[in-house]
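Okay, thanks for having me. Let's pull the structure up on the screen and walk through a few spots together.

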Amino acid sequence: VSDYSRRYSSVNAVFSCPSLLPNSCATCVDCILPSFESLCISSTITTDRHHSPDAKLLADKWECSMEAARATLQSTTQLNIRSAEAPLTRRYRTDLLSMNLRRLNCKFFTDTLFSRSISIVGNSCAQLYYDPNGYMYVYPMIAKREAGESLDRFVNDVGIPNELVYDGAGEQVGRKSQFDKSIRHYKINKHTIEPFSPWQNKAESGIRIIKAKWKRLMITRKVPKRLWDFALVWIAQIYSRTAMKHGRTGFEVITGDTPDISEWVDFSFYDWVWYWHSPNSEDNPRLGRWIGVSHRVGSTLCYWILPASGRVLARTTVQHVTLDDMASDEFKRKVEEYNHGLERVVGDDSYVVDGDGFHNFVNEDSPDPFDLPVDDPNHLPDIDEIVDQTDAEKAADTYHSFIGAEVIVPDAAGNRRMARVLRRVREADPPEGQSTNVFNDRSVYEVQFPDGDVDRLAANVIAENLFSQVDKNGVQFQILHEIVEHQKDASAIPIENGYVASRSGNRHPKKTTRGWKLLVEWKDGSVSWVPLKDLKASNPVQLAEYAIANNIDREPAFNWWVHHTVRTRDRIIGKVQSRYWRTTHKFGIRLPKTVEEAYRIDEETGTTFWRDAIEKELRKVRVAFEKIDISVDDMRSGQVRPGYQEISYHWVFDIKMDGSFTRKARLVAGGHTTETPVAMTYSSVVSRDSIRIAFLLAALNGLEICAADVGNAYLNAPCKEKIWTVAGIEFGSEKGSVMMIVRALYGLKSSGASWASMLNESIMALGYTPSEADRNVWLKPGVKPDGFRYYQMILIYVDDILHLSHDPDVVINALRGMYELKEGSVGPPNRYLGANVERVQLGDGRETWAMSSKDYITSAVANVESMRKMDGEPPLKVYGDCKRPYPKDYRPEIDVSE
């Protein structure tokens, strides 16, 4: 019997119940076992107390083929199989609730979003779960220790993802943390990103999206900052239920279910509403604000309502405030009472948005070591605090120009993708006697692709790809792959106001693109929001097709041009420029928009390039600012310095194509915000005709021509306007001080005229007078050593100076004593105002000056050829037999024959 027992684990049960075998002896094994086999012929019995996922067993149980069984095991999960070694002695656990939960066949990314404001219900942060297909889920938390609870909520509300990617925060990776316990309980495949590599976590993209939407919501609807948690939840719900690619919502993509949006179509966030407070209350209905759907309190169509007391309520009986209600004096009185009561709870500053950007949220999992200390807001870390100067290799690595650049390079599979240069892993010195050239550089760099893959490339490979993807100014172009999404803000013109009436009474569409932008996916895999006006200029046909497909072609921003473009599609499709020029990067290196962003880029890349450029510019323009000991409030009151206007200023950042990718920064005053000065602001420049005549006279009279360029020209002149500003972070310890602008800064309406006036006085002091035909051509009688009399000339184009004389050094040296002339700008000109200038010898031996557009034409042809190559088009066609009417080396500008 023991031998058979090994084959049939339940034979003892049969022995104990002879009635199961009526035609056999109750004690004869030879009778029992055959009958037992016939009884259990359709049962699957093994020596195990629970069956593992085995294809043969599954085929027997389901009565299917082995091939079908294997395919079934591969296309399903088996995450809740029991196992046991001993017989039953107690009840099994009954908490396998994951069997009732939806499993999501996708990869989710999660990260924590911290708020600088404690919410009205006490939340300080939120956990965001993000799927790039268009789904996000937000769970507000009092502290990050609730990350585990957020995962449980996500699993119950949405489902169990196959894989979850997150960073190495202790609340998430600790073995005893609730988050890690939930990961193991739900059998989720986990992946932790590399330390200090936030770009590997695509939840960062979700955070950028939700922050941008919250910023717009807060500004347009004047939502208090302390409602951020309710707003983020609502934004995530709307985002996940908005149709994305192929007309499907993100909710449907990840779950397979069609979402019902009944709870979100009636109200918008922070709408005025009437709600029924309590059945027996005499003060019904009451006024409140709608702040979201209450899924875990009440029934369907139950909403969160914010009363004047600030204590959030869940109510089902809710109605809109109508226009008739708003027109009544009683409603206006209730609004005032409501706002007054709510301000006592949320504070007056809850409605204030920073003018230089929105920084209410951060998503660092630990304090950034380079953040400004709270006790010293003016402190900025020095580069020595960031770079380990004791290690020469590390220090050199930190300062190198390629670090932080973004460039499209081939990956291991040969696919061209956008990658970011992380660091230099091997340095190669150039051969002795050779100059440093990036195309000869054999140093090795580590680059990282968006999905986290890391590869190593030589510097010359990076440089070759980098320069092939930018124009001569370093601006990187991108090729459109797909228009993904669109959105408009409050400044967009509504359809009912989309027409203007002519004198004859005819209605014509308004020509506008205001308030619209589109989410574009580029060929390199990156995505970005592009203003409608820019995308219309670069991709009109694709944009027109998208507008019609998404039923927005009747919107005023599209109505005036879309249908015309479609009708003429075949004619224009070969003529439009199919690129949108990426202005956020130059030579693959990110261009900052503000000083704060420049400092952040330096911190992220471990360099000081932008900081050095800002400090260099500030050293030059600091003379334009004069600090005064008056508070900002006193100046704005207008009582201390009456007649003075406050202005802002901004920084313009650029990168020079000089082999070292030198960063440039220029401070520009916001002169557009000031009133036009009473004094004249016009400043003329020398005409091109005058320049050509001057070159002709120089050749005829045998005169020398010397060019010079005045450095920081405007800053030499006094400011003619009464203006002041508030010092920014770049002023260090003087941040927040009142600065009087005493020099002619770039950007001021009067700066050009002020500089021209000062330079004119300097030239008049040298004995020159302006000509009657062109006031920017200055004349002074001169005599050559041989007694020949002529007129010396000075031509001025803002800060570019040309001097014609038999001895130009006299005047140039005098100007050098008055102003700082740019290094390398003094000498015979080889280029002036974009034209090539050179001295040539005629056939009869005489020397003259010639101007041409050789560089311009060569560059234009090269740009066209490059554009056609990037579009996959053949080179420009050459027509005919290529015979020329003149010899190839013929130059009409120096032809003196008749």
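Let's start with Lys656, which is partly exposed because its relative accessibility is 40%. This is a predicted model, by the way. Lys656 sits in the loop between β25 (649-655) and β26. What kind of surface patch does Lys656 belong to? A positive one, and its partners there are Lys616, Arg619, Lys620, Lys664 and Arg666. Two elements, α24 (609-621) and β26 (663-669), each put in at least two residues. The top contributor is α24, with three.

Now a nonpolar patch. On the surface you'll find Tyr856, Ile857, Val861, Val864 and Leu876 grouped together, with about 440 Å² of accessible area between them. Val864 is in helix α29, and at 34% relative accessible area Val864 is partly exposed. As a sanity check on α29 itself, residues 854-870: 17 residues at 1.5 Å each should span 24 Å, and the end C-alpha atoms are 24 Å apart, so that agrees. After α29 comes Gly872, with a positive phi near 75 degrees.

I did the helix check on α9 too, residues 203-221. Its 19 residues should span 27 Å, and the end C-alpha atoms are 26 Å apart, which agrees. Which residues of α9 are buried? They include Ile207, Ile210, Trp214 and Leu217, but also Glu204 and Lys213. Following α9 is Lys222, with a positive phi near 55 degrees.

Okay, salt bridges. How many does the structure hold? There are 19, and I'll pick out a few.

Arg333 and Glu330 pair up at 2.2 Å, N to O. They're three residues apart in helix α14 (residues 329-346), so about one helical turn separates them. Arg333 is partly exposed at 36%, and so is Glu330, at 40%.

Next, Lys488 with Glu555, at 3.4 Å, N to O. Lys488 is in strand β16 and Glu555 is in the loop between α19 and α20, so this pair ties together parts that are 67 residues apart in sequence. Lys488 is partly exposed at 41%, whereas Glu555 is buried, at 12%.

Then there's Arg839 with Glu704, where the closest N and O atoms are 3.4 Å apart. That one links distant parts of the chain, strand β35 for Arg839 and strand β27 for Glu704, 135 residues apart. Both ends are partly exposed: Arg839 at 38% and Glu704 at 35%.

Last one: Asp180, Arg184 and Lys190 are joined into one network by salt bridges that share partners.

Key
Residues numbered from 1 in each chain as written. Predicted model: local features only at pLDDT ≥ 70, side-chain atom pairs only at ≥ 80, totals over all residues. Heavy atoms only, no water. Helix = DSSP H or I, 4+ residues; strand = E, 2+ residues; numbered from the N terminus. Expected span 1.5 Å × (residues − 1). Buried < 20%, exposed > 50% of the residue type's maximum accessible area, 1.4 Å probe, protein only. Patch = residues over 30% accessible without salt bridge, like charges linked within 9 Å, V, L, I, M, F, W, Y side chains within 5 Å. Areas by Shrake-Rupley, 256 points an atom, 1.4 Å probe, with all protein chains shown as cover. Salt bridge = Lys/Arg side-chain N within 4 Å of Asp/Glu carboxyl O. Lys, Arg positive; Asp, Glu negative; His and termini not counted. Charge placed at Lys NZ, Arg CZ, Asp CG, Glu CD.
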